[in-house]
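Here is a walk through one structure, starting with a stretch of strands and moving on to charged pairs, the ligand shell and a pair of cysteines. Have the viewer open as you read.

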Amino acid sequence: MKTKGLRNNKVNIITLGCSKNQVDSEVLLTQLRGNQIEASHEARNDDANIVVINTCGFIDNAKQESIDTILRYVDAKEEGLVEKVYVTGCLSQRYKDDLEKEIPKVDAWFGTRDLSRLLKQLNANYKQELVGERILTNPGHFAYLKISEGCDRPCSFCAIPLMRGNHLSRPMEELVREAKNLAKNGTKELLLIAQDSTYYGLDLYKKRNLAELLKKLSDVEGIEWIRLHYAFPTGFPMDVLDVMAGEKKICKYLDIPLQHGSTEMLQLMRRGTTREKTEALLQTIREKVPGIAIRTTLIAGHPGETQKYFDEMMEFVERSRFDRLGVFAYSHEEQTHSFSLKDDVPEKTKQKRVDQLMELQQGISLQLNQAKIGKTFTVLVDRKEGGSYIGRTEFDSPEVDNEVILVTNDHLRLGDFVEAKVTGASEFDLIAEIV
Ligand code: SF4
């Protein structure tokens with residue numbers, strides 16, 4: 001990992017899991033540097049003597065990755081390559097008592113709402129004046145904006161409320177200030193994230209206030225694209241669609257995890273909706289925001305999912321023709337409602353069903369992409385890879401969706417918007433020429 005000669009009180013932050021964890025790590029990084037403490041994020045061959053691992057506790061695979069990472073740094077400590085190992089984030093929040101016994105070489109464990117205590121441990125003080133400031137760990141032209149923490153929904157399979165607590169909206173002024181600071185530092189695309197973004201404001205303003213937040217963020221100079229993630233179908237605030245249709249800066253893009261396509265399964269999963277209501281919502285979204293790209297997430301193999309219910313989900317995917325789709329195999333998570341049900345779908349069947357859904361989606365995605373050939377789109381340039389530039393249209397979120405391979409001899413700047421005509425398409429990528 002690295003040689004001797006550690007730098008005193010230099011912190012290296014390691015982030016696992018989702019974009020919400022990434023934002024938490026960025027806030028920690030900002031607070032540490034604000035306290036004149038040297039800190040880096042996932043720096044390779046780093047000479048930091050302190051490591052903070054921000055873990056994920058979502059489902060089995062993610063938990064295993066977190067534990068493997070912790071053990072790797074505990075080994076590094078044994079070898080004298082680091083002096084202190086601290087663990088924070090969802091896995092620590094959920095399993096602290098067990099982990100403390102199982103991995104005693106970790107110096108201290110922190111929860112998901114423990115920033116002040118963690119900072120204290122690192123000889124730093126929480127600086128209120130830094131709220132709204134953030135050092136980004138991804139290329140600066142896009143940034144995640146976490147609009148709330150936690151979740152009040154009762155979804156039967158989900159352990160997130162156990163790790164992230166109840167829903168807590170961030171004040172609108174604070175979010176607008178953060179967006180302005182990010183724009184000042186070159187951010188052009190804001191990705192709004194939460195556990196449930198459509199719940200925004202219900203706790204703080206006693207009403208769903210996402211539409212107003214979107215309008216306010218649209219007024220921030222320098223921000224060109226605003227992208228909405230993690231919408232919840234039940235009680236969907238329709239005024240959001242009017243703002244999406246009316247505001248040029250808001251991407252015609254909606255990430256709305258639906259989780260299943262069978263009414264019986266949606267009820268078993270405590271999603272508070274039905275197949276019919278879901279299809280009606282999708283139709284309204286597409287009518288109110290023509291050309292919108294819809295991303296969703298589904299779970300295959302939840303307890304009680306018979307072949308019949310799975311076939312209904314396949315039919316739902318075929319009919320709904322989502323632009324982007326992610327599928328998870330059900331993970332039997334302690335302390336969730338579903339944990340009291342028999343995990344009756346064999347692992348092999350779960351995986352087979354995930355593969356069948358993704359195969360179906362691959363065909364749909366190819367057709368949708370081929371229909372874009374000959375059309376011109378605005379593309380945000382993300383990076384250079386080999387001789388090509390890679391970018392995204394407004395219909396694609398970083399790291400999870402399609403990319404555009406830009407064919408050009410020009411020199412492009414990362415973070416620039418270019419007009420590009422699509423000349424080729426594959427399942428998950430487009431090829432385009434600058435026009
Ligand atoms: S809305 Fe999302 S985070 Fe909240 S309980 Fe449901 S699945 Fe979990």
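Strand β14 (residues 376-385) runs antiparallel to β15, and five bridges join the two. Strands and helices here are DSSP runs numbered from the N terminus, with at least two residues (E) for a strand and at least four (H or I) for a helix. Two strands count as paired if DSSP finds at least two bridges between them. This is a predicted model, so local features need pLDDT of at least 70 and side-chain atom pairs count only at pLDDT 80 or more, while totals for chains, interfaces and linings use all residues. Residues are numbered from 1 along each chain as its sequence is written, and side-chain values use heavy atoms, with hydrogens and water left out.

**The strands**

Back to β14 and β15: they make a hairpin with two residues between them, and G386 in the turn has a positive phi of about 60°. Look across the pair and you'll find E385 opposite S388 of β15.

How buried is β15? Four of its five residues are buried, so β15 is largely enclosed by the rest of the structure. Buried means under 20% relative accessible area, exposed means over 50%, and partly exposed is what falls in between (1.4 Å probe, protein chains only).

From β15 you can step across to β16, since these two pair in the antiparallel sense over three bridges. Y389 has L406 in β16 as its bridge partner.

The next step changes direction: strand β16 (residues 403-407) and strand β18 (residues 429-434) run parallel, joined by five bridges. E403 is partnered there with D429 in β18. Strand β17 (residues 417-425) also pairs with β18, in the antiparallel sense and over five bridges. A425 stands opposite L430 in β18, and β17 and β18 form a hairpin with three residues between them.

**Charged pairs**

How many salt bridges does a search of the whole structure find? There are 38 of them. The criterion is a side-chain nitrogen of Lys or Arg within 4 Å of a carboxyl oxygen of Asp or Glu. Here are three, with their N to O distances.

| Acidic residue | Basic residue | N to O distance |
|---|---|---|
| D416 | K188 | 3.9 Å |
| D242 | K288 | 3.2 Å |
| D401 | R295 | 2.8 Å |

Take the salt bridge between D416 and K188 (3.9 Å, N to O). D416 sits in the loop between β16 and β17, and K188 in the loop between α6 (172-184) and β9 (189-193), so the pair ties together parts that are 228 residues apart in sequence. D416 counts as buried at 19% relative accessibility, while K188 is partly exposed at 26%.

Next come K288 and D242, whose side chains meet in a salt bridge at 3.2 Å, N to O. K288 belongs to helix α10 (residues 275-288) and D242 to helix α8 (residues 239-246), which makes this a link between distant parts of the chain, 46 residues apart. K288 is partly exposed, with a relative accessible area of 34%, and D242 is partly exposed at 43%.

Then there's the salt bridge between D401 and R295, at 2.8 Å, N to O. This pair also links distant parts of the chain, with D401 in the loop between β15 (388-392) and β16, R295 in strand β12 (residues 293-300), and the two positions 106 residues apart in sequence. D401 is buried at 11% relative accessible area, and R295 is buried at 10%. Elsewhere, salt bridges with shared partners join E26, R134, R170, E174 and E178 into one network.

**Around the ligand**

Which residues are around the ligand? They are C151, R153, C155, F157, C158, I160, P161, Q195, F232 and R271, where near means having a heavy atom within 4 Å. By class, this shell has seven nonpolar, one polar and two charged residues. Ala, Val, Leu, Ile, Met, Phe, Trp, Tyr, Cys and Pro count as nonpolar, Asp, Glu, Lys and Arg as charged, and the others, Gly among them, as polar.

**Cysteines without a bond**

A search of the whole structure turns up zero disulfides. C56 is in none, and the nearest cysteine sulfur, that of C90, is 6.1 Å away; the cut-off for a disulfide is a pair of cysteine sulfur atoms within 2.5 Å. C56 is buried with a relative accessible area of 12%, and C90 counts as buried at 10%.
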